[in-house]
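Work through the following exercises with the sequence and the coordinates side by side. Each task is followed by a solution that proceeds step by step.

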Amino acid sequence: MQSLSGFWDMVHQFVSNNGFYVLAGAGCVMYLSTLKKKGQSILLISAVILLAVFFNPFSFNILIKMTDEVKTYYRLFWIFPVIPMTAYFFYQAVSCIKRKYMQLLIVIVICTGILVINISKEDLRWPENIWQIPGTTVEVADNLAVLMEAQGEAEVMVLADMEVLSTIRQYNAHIKIPKIPYVLEENRDDESVLGLMSMLMYNRDDISAEAVKDIINENKIDYIVISINNNLSLSYMHRLHWQIVATTSAYHILQYQEPVFSTAPLSAAGLETEKVEVVIPVY
């Protein structure tokens with residue numbers, strides 16, 4: 001029954017855009033009329049086989065597993081043959097008109113008509129956030145995109161809490177996340193990328209500095225995202241020379257800054273020095 005239900009759902013989605021399929025059917029008829037009888041037979045047999053394979057609930061139950069969902073399944077028909085047949089119908093219809101300006105006018109009228117007929121007010125709204133990405137994650141991703149552009153980085157590796165890591169890739173594919181192994185809850189304090197992530201999430205500083213450096217280097221982490229409430233973790237990362245480069249409503253974005261040491265006198269840095277004469281009294 002589940003297979004039948006999914007199959008009819010697919011059929012319903014397939015025939016929902018009636019206008020395009022009518023045009024595709026007209027394109028098929030016009031194309032058949034240009035073929036000889038042998039070519040027509042081959043094309044018709046191929047179409048019947050294609051429909052027999054896809055448009056029945058028995059093969060649906062098997063093939064749906066390869067495409068994961070009904071929408072992907074029925075879109076196979078949207079790609080082939082609906083689009084090429086619709087384009088062929090337009091081409092043949094316009095080619096029947098000899099005058100060029102009339103051809104251009106017909107193309108404009110047809111395209112405008114299709115838009116008016118098939119696009120509703122619901123289609124003219126902003127795209128939905130289908131991944132349900134939190135606004136706080138969007139802010140982090142937008143700030144990272146600005147930093148990437150400023151520094152000429154094509155992609156970056158980011159470590160953050162699970163809320164950010166679970167959705168940021170859907171928002172920006174150029175933001176990479178480290179591979180986080182699945183471990184039991186009681187083992188999450190191990191000196192691994194999961195342990196570091198746990199430390200930053202729960203406002204701790206109990207992983208050794210050397211272990212933190214090794215984890216960051218092994219996973220090639222470019223930015224670390226810490227909640228603005230995790231002051232202990234933030235202070236700890238500051239001591240390891242990770243400085244705030246951007247701040248959102250919920251997170252600090254940190255990047256490693258190479259420490260600068262100078263042996264030059266203070267006057268070389270523009271700081272004034274004052275000589276102090278020390279007098280040691282002699283008794």
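A residue is called buried under 20% relative accessible area, exposed over 50%, and partly exposed in between. The model used here is predicted.

**Exercise 1. Salt bridges**

Task: Determine how many salt bridges a search of the whole structure finds, and describe the partners and the setting of each pair.

Solution. As general background, side chains of opposite charge can pair when their charged atoms come close. The search of the whole structure returns 3 salt bridges.

Step 1. R204 pairs with D206, their closest N and O atoms being 2.9 Å apart. With 18% relative accessibility R204 falls under the 20% limit and is therefore buried, whereas D206, at 52%, passes the 50% limit and so counts as exposed.

Step 2. D205 and R239 meet through their side chains in a salt bridge with an N to O distance of 4.0 Å. Because D205 belongs to the loop between helix 10 and helix 11 while R239 belongs to helix 12 (residues 231-239), this pair ties together parts that are 34 residues apart in sequence. D205 is partly exposed, with a relative accessibility of 31%.

Step 3. E155 forms a salt bridge with K176, and here the closest N and O atoms are 3.7 Å apart. E155 sits in the loop between helix 7 (135-151) and strand 1 and K176 in strand 2 (residues 175-176), so the pair ties together parts that are 21 residues apart in sequence. E155 is partly exposed at 46% relative accessibility, and K176 is partly exposed at 25%.

**Exercise 2. The surroundings of strand 3**

Task: Establish whether strand 3 (residues 223-227) is enclosed or open, and identify the strands with which it pairs.

Solution. Step 1. Of the 5 residues of strand 3, 5 are buried, so the strand is largely enclosed by the rest of the structure.

Step 2. In a regular strand the side chains alternate between the two faces of the sheet. In strand 3, Y223, V225 and S227 point one way and I224 and I226 the other way, and all of them are buried.

Step 3. Strand 1 (residues 156-159) runs parallel to strand 3 and is joined to it by 2 bridges, with V158 having Y223 as its bridge partner. Strand 5 (residues 251-256) pairs with strand 3 in the antiparallel sense over 5 bridges, and L254 of strand 5 stands opposite I224.

**Exercise 3. Positive phi values**

Task: For N203 and K220, state where each residue lies and whether it is exposed or partly exposed.

Solution. Step 1. N203, a residue other than glycine, has a positive phi near 60°; N203 is placed in the loop between helix 10 (193-201) and helix 11, and at 27% relative accessibility it counts as partly exposed.

Step 2. K220, also a residue other than glycine, has a positive phi near 50°; K220 is placed in the loop between helix 11 and strand 3, and at 65% relative accessibility it counts as exposed.

**Exercise 4. Surface patches**

Task: Which residues make up the patch of negative charge, and which make up the nonpolar surface patch?

Solution. Step 1. The negative patch gathers E191, E210, D214 and E218 on the surface. One of these, D214, is found in helix 11 (residues 209-218) and is partly exposed at 40% relative accessibility.

Step 2. I45, I49 and V53 make a nonpolar surface patch of about 260 Å². V53 lies in helix 3 (residues 37-54) and is partly exposed, its relative accessibility being 37%.

Technical notes
Residues are numbered from 1 along each chain as its sequence is written. This is a predicted model: local features need pLDDT of at least 70, side-chain atom pairs count only at pLDDT 80 or more; totals for chains, interfaces and linings use all residues. Side-chain values use heavy atoms; hydrogens and water are left out. Patches are made of residues with over 30% relative accessible area and no salt bridge: like charges are joined within 9 Å, nonpolar side chains (Val, Leu, Ile, Met, Phe, Trp, Tyr) within 5 Å. Accessible areas come from the Shrake-Rupley method with a 1.4 Å probe; for residues, only the protein chains shown count as cover. Lys and Arg count as positive and Asp and Glu as negative; His and the chain ends are not counted. The place of a charge is taken as NZ of Lys, CZ of Arg, CG of Asp or CD of Glu. Helices (H or I, at least four residues) and strands (E, at least two) are DSSP runs, numbered from the N terminus. Buried means under 20% relative accessible area, exposed over 50%, partly exposed in between (1.4 Å probe, protein chains only). Two strands pair if DSSP finds at least two bridges between them.
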